[in-house]
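Biologist: Hey, can you walk me through this one? I'd like to start with the rings.

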Amino acid sequence: PGYGVIKAKFPFTGWCTKHAHTLQYMVHNHILTIPPNREVSHLCHNPLCVLLEHLVLEPHHVNASRTKCANRGKCSGHEAYPDCVI
């Protein structure tokens, strides 16, 4: 399955379509934008998950590294970022 999406109205920029997990993270953390060098990643590797405990803000290379090791069935941590929830 793909990522869940939702349309939301933002101050100053108007209506935008966002991934549901990204919007969940933004609302919970009271932020209007995600820094350009970061992304909201799933620790559980489920693209439809919106559980806050499974979401983390991290650089793309860390998310990609986590995905590689999760695909091999082993995730033991990535730099200063949390381990996978598998």
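Modeller: Sure, definition up front: rings of Phe, Tyr and Trp (its six-membered ring) pair if their centres lie within 6.5 Å, with planes under 30 degrees apart called stacked, over 60 edge-to-face and the rest tilted. This is a predicted model, where local features need pLDDT of at least 70 and side-chain atom pairs count only at pLDDT 80 or more, while totals for chains, interfaces and linings use all residues. Residues are numbered from 1 along each chain as its sequence is written, and side-chain values use heavy atoms, leaving out hydrogens and water.

Biologist: Okay, how many aromatic pairs does a search of the whole structure find?

Modeller: Zero.

Biologist: Then what sits over the ring of Phe10?

Modeller: The charged end of Lys18, 5.6 Å from the ring's centre. The rule for a charge over a ring is NZ of Lys or CZ of Arg within 6 Å of the ring centre and within 35 degrees of the ring normal.

Biologist: Switching to the fold: what pattern does the chain follow?

Modeller: Along the sequence it reads β-β-α-β-β-α, with two helices and four strands. Helices (H or I, at least four residues) and strands (E, at least two) are DSSP runs, numbered from the N terminus. The C-alpha trace spans about 40 × 25 × 20 Å along its principal axes.

Biologist: How much of the chain counts as buried?

Modeller: Of its 86 residues, 33% do. Buried means under 20% relative accessible area, exposed over 50%, and partly exposed in between (1.4 Å probe, protein chains only).

Biologist: Which loop holds Phe12?

Modeller: The one between strand S1 (5–10) and strand S2 (14–19). Phe12 has a phi near 75°, a positive value in a residue other than glycine.

Biologist: And is Phe12 buried or exposed?

Modeller: Exposed, because its relative accessible area is 85%.

Biologist: What about phi of His45?

Modeller: That's near 65°, again positive in a residue other than glycine. His45 is in the loop between strand S3 (39–42) and strand S4 (55–58), and at 27% relative accessibility it counts as partly exposed.

Biologist: Where does Leu43 lie?

Modeller: In the loop between S3 and S4. Leu43 is at 4% relative accessibility, so it counts as buried. Its C-alpha is 9.9 Å from that of Cys75, 32 residues apart along the chain.

Biologist: New topic, salt bridges. How many does the count come to?

Modeller: One. It takes a side-chain nitrogen of Lys or Arg within 4 Å of a carboxyl oxygen of Asp or Glu. Here Arg66 pairs with Glu58, the closest N and O atoms being 2.3 Å apart.

Biologist: Are those two buried or exposed?

Modeller: Arg66 is buried, and so is Glu58.

Biologist: Last thing: what volume does the largest pocket have?

Modeller: About 280 Å³. On a 1 Å grid over the protein atoms alone, a pocket is an open set of points where a 1.4 Å probe fits, with protein on both sides within 12 Å along at least five of seven lines, and lining residues have an atom within 4 Å of a point. Points are joined across faces, edges and corners, and the volume is the space filled by probe spheres set on them.

Biologist: Which residues lie nearest its centre?

Modeller: Tyr3, Val40, Ser41, His42 and Asn63, out of 15 lining residues. The largest share of the lining, four residues, comes from S3.
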